Amino acid sequence: MLSVLKQEFKIHKKNIFITAIIFAAIYLCTIFSMHLSGLFESEKIQDISALWFGLSVGLGCIGAFFIALFKGSGSMNDILFKDTGYLIKTIPVSSWKLILGKMIIGLFEFIVYFALYLLFMTFIFHCGEEIALALSMDIQFNDFSREIVVLCVGIIVLFILIQSILNFSFTVYTSFTKKVKYSKIILAIIIYFLFSFVVELTGAFLNIIDFNLIDDILSVWILMGIFIVISVILYIGTCLLYDKKVNL
């Protein structure tokens, strides 16, 4: 397993490093522009700072998530849809180790991007009160350490779940419907129903426990445990399909 992790990291480390540098550069530009807006009472500088801030928040909240999911090292696209997939099939490594290794490195990649965003937001929330006032932003600088920890863990678990859903969906598509007419539509339907199942399951769980974020925050750990179980089941299904049905 360690050799698989080393190999996967070696393959993807350059992309991870370059993407992380781009993210960090955008965050630094945002901090610099917001600092300038605090020094100079210029409406134009404030508008530019607000745009940079919006870009950084969008990148951290949405961009990093989808980049890591669809272009990151945890995606099975490279072994299912690229020419290298056939060669990987001939490597004497079990699919269980190969897919798990990819998903672990994919999770590591997302955590790197997420950690950069957390550092950026930590600076904004602890050092940026005057900056926020200069931009007329209604930001509350309060300490919700417990909630923040649960939120961060929840985001990571959610990434694991979505990564598992997508990899399973792509493997089902490659196994059964790749050469079927309108196969892309079938793939979209598979992904839709898997996400719908998870959403319905989550809604049912929240109704059962009468969930309230402030009063029942510890119940979130139970929900995250359910997500992890679903992810494990999907991982097992992905490995079985890759072994038995995927024919590149």
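Helix α9 (residues 219–244) is the largest contributor to a nonpolar patch on the surface, giving 4 residues. The model described here is predicted. The protein has 9 helices and 0 strands, and 40% of its 248 residues count as buried.

**Surface patch**

- The nonpolar patch is formed by W96, I228, V232, I236 and L240.
- Together these residues have about 380 Å² of accessible area.
- I236, one of the patch members, lies in helix α9.
- The relative accessible area of I236 is 35%, so I236 is partly exposed, between the 20% and 50% limits.
- In soluble globular proteins, nonpolar side chains tend to be buried together.
- Across the whole protein, the accessible surface comes to about 14,600 Å², and 70% of this surface belongs to carbon and sulfur atoms.

**Overall fold**

- Read along the sequence, the pattern is α-α-α-α-α-α-α-α-α.
- Among contacts with a separation of 6 or more, 80% are between residues 24 or more positions apart.

**Nonpolar cores**

- The largest nonpolar core has 40 residues.
- Within this core, the residues that touch the most other members are L80, I99, Y113, F120, F159 and Y242.
- At least two residues of this core come from each of α1 (2–39), α2 (43–71), α3 (77–80), α5 (95–127), α7 (145–177), α8 (183–209) and α9.
- Helix α5 supplies the largest share of this core, with 12 residues.
- A second core, separate from the largest one, has 16 residues; L161, V220, L223 and M224 are among them.

**Cysteines**

- A disulfide is a covalent bond between the sulfur atoms of two cysteines.
- The count of disulfides in this model is 0, where a disulfide would need a pair of cysteine sulfur atoms within 2.5 Å.
- C239 is buried because its relative accessibility, 0%, is under the 20% limit.
- C29 has a relative accessible area of 35%, so C29 counts as partly exposed.

**Individual residues**

- H12 is placed in helix α1.
- H12 counts as buried because its relative accessible area, 12%, is under 20%.
- Apart from neighbours within four places in sequence, H12 is in contact with S73, D78 and K102.
- G154 belongs to helix α7.
- With a relative accessibility of 22%, G154 is partly exposed; the value is not under 20%, so G154 does not count as buried.
- The C-alpha atoms of G154 and L223 are separated by 9.2 Å, and these two residues are 69 residues apart along the chain.
- L223 is also one of the residues of the second core.
- I189 is found in helix α8.
- The relative accessibility of I189 is 41%, so I189 counts as partly exposed.
- Between the C-alpha atoms of I189 and S169 the separation is 9.5 Å, with their positions 20 residues apart along the chain given as the distance apart.

Technical notes
Residues numbered from 1 in each chain as written. Heavy atoms only, no water. Patch = residues over 30% accessible without salt bridge, like charges linked within 9 Å, V, L, I, M, F, W, Y side chains within 5 Å. Areas by Shrake-Rupley, 256 points an atom, 1.4 Å probe, with all protein chains shown as cover. Salt bridge = Lys/Arg side-chain N within 4 Å of Asp/Glu carboxyl O. Buried < 20%, exposed > 50% of the residue type's maximum accessible area, 1.4 Å probe, protein only. Contact = heavy atoms within 4.5 Å. Core = buried A, V, L, I, M, F, W, Y, C linked by side-chain atoms within 4.5 Å.
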